[in-house]
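Trainee: I should like to understand how the terms used for a structure are justified. May we go through them one at a time?

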Amino acid sequence: MNVERTKVAIVGAGPSGLLLGRLLERHGIENVIIENRSREYCESRIRAGILEQVTRDALTEAGVADRLEREGMVHGGIYLNFNGQRHHIPMDELTGGRCVTVYGQSEIVKDLFAAREATGAPIVFEAEDVSLDGIDNDEPVVRYRLGGVEHEVHADYIAGCDGFHGISRDAMPDGYQQLYLREYPFAWLGIMASVAPSTDELIYAQHPNGFALHSMRSASVSRLYIQVDPNDDIANWSDARIWEQLHIRMATDGWTLHEGPVTEKSILPMRSFVATPMRYRSLFLAGDAAHIVPPAGAKGLNLAAADVIVLAHALADRYSSGSETGLDEYSDRCLRRIWRAQHFSWWMTQMLHTNPSEDAYGQQLQRSQLEYVCSSTAAAKSLAENYVGLAIEQAVSA
Ligand code: FAD
Ligand code: PHB
């Protein structure tokens, strides 16, 4: 049995666990990250791609934004496509100059791993049978097995950053958390394609055949999505069939979608979920461990970053001044921002997807909503303000 002690034990090396670890390091707070998958697996997991300014600033503050500064693509707007027409939402003009940055989550994870490797801060990969204990008597411990050896990490606090399917949320007592869940009758089929993007900014398309999105990862890599049935099988989707649907759903006069080799394709489930409160004694949940949003609002990664920014500051206060106010307020402060993003993500989802069970009345409401957003500055401003993301102060002050 190998026993060690640290201040904060972090479960999960996704964006939230890695960024938290890095921010704590910058505050001189020792921490250990325990991850159950391999580094290669974590680095190759393709997920989000849009960073709010707040997320970008946090990565800069964490000293891991050099490559992001060079390779990230700053976007000041998005396109909405419906009824064969393309409309531009100039988010920067509508929000006093705020923008988003296109930079893949897998690149952020690589940058954070490289930074952790450089400082030598402890991180364990391929930990087996990870479990939490001692939360009830405030002697928290993370247990795991590695190479046949049992390990215990004793800590002051545990940060559960282990995503939706992790073990941390379940370590809270039964019935302690209130769970909010909404499921949707659709999923996204996402592809990565080796072809220059056919657009300068993202295109979100609503079409009777279903939603489509044209995003990107670089000047030579496109990321595209189409709405599919959640029970559909990826084997039913040849590359040719996917491109056909992308052409149909995003069509607009005078514009051509360029095709290229598909290097990855998968079907992504979609749900809205919140578990509250996000703290039980010395256990704090952050990121997807506590909440999930459907991806149409591009908020999942950004919410994860916002949680750990608040948590890192609260822990820094606790260790520098002994004040527990930040820790006590952690859940409420995060939840105000989370619920705003929950609403926005739900709103974008229902505005842009084709719901197979929607009646003719609902379809007219959806069309009216789209037309309103594309013709009213007030409506467009509301979309833009949420999409670029609220400042943390704005979202957290009551
Ligand atoms: P995760 O990224 O899930 O990281 C959790 C980490 O914990 C993982 O490394 C996992 O291996 C590890 N872990 C799990 N269980 C254990 C355990 N028992 N012990 C130790 N470690 C454990 N958001 C968007 O904004 N846009 C998108 O396009 C988008 N696409 C997505 C596609 C998919 C398939 C998924 C699942 C999510 C997507 N998201 C998207 C959401 C976004 O990627 C997440 O919000 C973000 O990854 C949250 O980061 P996290 O660190 O909280 O959780
Ligand atoms: C992505 O690039 O993967 C992406 C972009 C915008 C979204 C969702 C995903 O709303």
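Mentor: Let us begin with a definition: helices (H or I, at least four residues) and strands (E, at least two) are DSSP runs, numbered from the N terminus. Just after helix H1, Gly28 takes a positive phi of about 75°. The model is predicted, so local features need pLDDT of at least 70 and side-chain atom pairs count only at pLDDT 80 or more, while totals for chains, interfaces and linings use all residues. Residues are numbered from 1 along each chain as its sequence is written, chains are lettered from A and ligands numbered from 1 in the order in which they are written, and side-chain values use heavy atoms, without hydrogens and water.

Trainee: How do you know that the span of H1 agrees with its number of residues?

Mentor: The expected span is 1.5 Å times one less than the number of residues. For the 12 residues of H1 (residues 15-26) this gives 16 Å, and the end C-alpha atoms are 16 Å apart; therefore the two agree.

Trainee: What makes H1 mostly covered?

Mentor: Buried means under 20% relative accessible area, exposed over 50%, and partly exposed in between (1.4 Å probe, protein chains only). In H1, 10 of the 12 residues are buried, among them Pro15 and Leu24.

Trainee: Why is the pair between Ser215 and ligand 2 called a polar contact?

Mentor: A polar contact is a pair of N or O atoms within 3.5 Å; within protein, one must be able to donate a hydrogen and the other to accept it, and residues adjacent in sequence count only if both atoms are side-chain atoms. An N or O atom in the side chain of Ser215 is 2.6 Å from an oxygen atom of ligand 2, so the pair qualifies.
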